[in-house]
Amino acid sequence: MISGSVSKMYSDEERDFVSSNVSSKCPIVEDPRIHLISYTKRYTDVARLIRLKFIAQVCPKLRVEALELAINHVKTTYNVKMYEELYKALSIEVQRGGRVSEVASSSSRETSPRCSTSKPMNSTSNKALPYDAYWVEDNTMEATLLLQELDAELNFKKSNSGNAYVRRILEEIGDYHVKSGNLQLAVKFYARARPYCTSSDNVINMFRNLIRVSIYMANWWHVLSYIDEAKQYASGFQNLNREVPARLSCAAGLANIGLKIYKTAAHCFLLTPFDRYDYDKIVAPQDVAYYAGLCGLATLELEMLELGCLNSETFKPFFSLSHKMWELLANFVGGNLDTCVKLLHDIEGYVRLDVYLAPHVDALYGKIMARIHDMRHANRLVREQSSSLMSELEVNAKNTNFYTDNNV
């Protein structure tokens, strides 16, 4: 932590809300550096919900807006449990905001009696979205009927159709469980599609489904295991042997960040091809630049940063979407360390809102600042040695002139 944009302190109500998952390990963000609506449009499906929920947990300033966006989005799924959880959190936050507004208004009236007719602070934030009981009932019924229909169709296809039809139904049931929030069941049904795959593309798609859901669950060892299996399978096909590892490199980088293996993560992200990048529903291209840049700054040698990041033609397009990360790397390699520290401060309010990067910001920033400290120390030693050498040369020059004058 190098700036005042974050705080380690949670209120009692905030602590209740963030008690689950990784967000409880992250400080609250007091100075967010994102436009929330534009930010969330980069992602779809479960990935958007995960990010909105995380932002709501760690950023009080964006909490109500994030919860409202998450509630609107969750209503495109079958996840009634998530809807209930989000709505409860929003109601608590709106009530808390209302109490704060009342206290502020009361204090304002006491200090300025003539201004008692002014509107209370944040009056618009005191209105929560109405609870949609109709959607809950209708959605629950629709989800139940759909699952029954899919189960019946699966049994029929197994008895009367070929493998391709069975695989398609198993994938649809997996998709259904993802939309319902039952990720463990989704993994189960995606995995069951393996014996019914009729082409190499089917098998790779099955692995991608398993990897995607494992990312949602933050089961990082499972992600790496499925990636290894996919690579091993692809190695038997000439057309897939080079394509599949590159397409899965972003997922591998994400898993290695999650496991705190930052150097390997940096290498994985740098191997991600921009022209074939298709993990944008989970990780936007801008995110890849930040992940690779911060992991690289923390672990990679200067030569590798220059060649693999700044001068890499395949990775440059990622940096074109994240100019500050590009500036940070360029100044680090160029030795402009004070500018690096300023840029680290500028992006802190952004990277701490990223659900996959936030738990590692302190560790990465600590490593980067340690490197900056070492580089400053090395630069100071070079200057001192250079100054000492210049002094010695001046003394030698004076002595030479003295002896020359005496000889004359």
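## Helix 8 against helix 9

Helix 8 and helix 9 cross in a left-handed fashion. Keep in mind as you look that this is a predicted model. Helix 8 covers residues 183–192, and its axis runs 9 Å from that of helix 9, at an angle of about 165°. That angle makes the two helices roughly antiparallel, since anything over 145 degrees counts as such.

Which residues make the contact? From helix 8 come Leu 183, Gln 184, Ala 186, Val 187, Tyr 190 and Ala 191. Across from them, helix 9 offers Met 206, Asn 209, Leu 210, Arg 212, Val 213, Tyr 216 and Met 217. Sorted by class, this contact has 10 nonpolar, two polar and one charged residues.

## What covers helix 8

Several residues of helix 8 are buried: Leu 183, Ala 186, Val 187, Phe 189 and Tyr 190. Their cover includes helix 9, along with helix 7 (163–180) and helix 10 (220–234). Leu 183, Ala 186, Val 187 and Tyr 190 are thus worth a second look, as they are buried and also take part in the contact with helix 9.

## Helix 9 against helix 11

Helix 9, residues 200–217, also packs against helix 11. Here the angle is about 15° and the axes lie 11 Å apart, so the two helices are roughly parallel to each other. This crossing, too, is left-handed.

On the helix 9 side, the residues in contact are Ile 204, Arg 208, Ile 211 and Ile 215. They meet Val 244, Arg 247, Leu 248, Ala 251 and Leu 254 of helix 11. The tally by class is seven nonpolar, no polar and two charged residues.

## A salt bridge within helix 11

Arg 247 has another role to follow in the structure: its side chain forms a salt bridge with that of Glu 243, at 3.2 Å from N to O. How far apart are Arg 247 and Glu 243 along helix 11? They are four residues apart in this helix (residues 243–258), which separates them by about one helical turn. Both partners are partly exposed, Arg 247 at 22% relative accessibility and Glu 243 at 27%.

## Two further salt bridges

How many salt bridges does the structure hold? The count is 18. One of them joins Lys 53 to Glu 85, with 2.6 Å between the closest N and O atoms. Lys 53 belongs to helix 3 (residues 45–58) and Glu 85 to helix 5 (residues 80–111), so this pair ties together parts that are 32 residues apart in sequence. Is Lys 53 buried or exposed? Lys 53 is buried, at a relative accessible area of 14%, whereas Glu 85 is partly exposed at 33%.

Arg 352 and Glu 348 make another salt bridge, their closest N and O atoms being 2.9 Å apart. Arg 352 counts as buried at 2% relative accessibility, and Glu 348 is buried as well, at 0%.

## A shared network

Elsewhere, salt bridges with partners in common link Arg 208, Glu 243, Arg 247 and Asp 278 into one network. Two of these names came up in the packing of helix 9 with helix 11: Arg 208 on the helix 9 side and Arg 247 on the helix 11 side.

Notes
Residues are numbered from 1 along each chain as its sequence is written. This is a predicted model: local features need pLDDT of at least 70, side-chain atom pairs count only at pLDDT 80 or more; totals for chains, interfaces and linings use all residues. Side-chain values use heavy atoms; hydrogens and water are left out. A salt bridge is a side-chain nitrogen of Lys or Arg within 4 Å of a carboxyl oxygen of Asp or Glu. Buried means under 20% relative accessible area, exposed over 50%, partly exposed in between (1.4 Å probe, protein chains only). Axes are lines fitted to C-alpha atoms, for helices over the stretch in contact, and angles run from 0 to 180 degrees between N-to-C directions. Angles under 35 degrees count as roughly parallel, over 145 as roughly antiparallel, 65 to 115 as roughly perpendicular and the rest as oblique. A crossing is left-handed if the near helix is turned anticlockwise from the far one by less than a right angle, and right-handed if clockwise. Contact means heavy atoms within 4.5 Å. Ala, Val, Leu, Ile, Met, Phe, Trp, Tyr, Cys and Pro count as nonpolar, Asp, Glu, Lys and Arg as charged, and the others, Gly among them, as polar.
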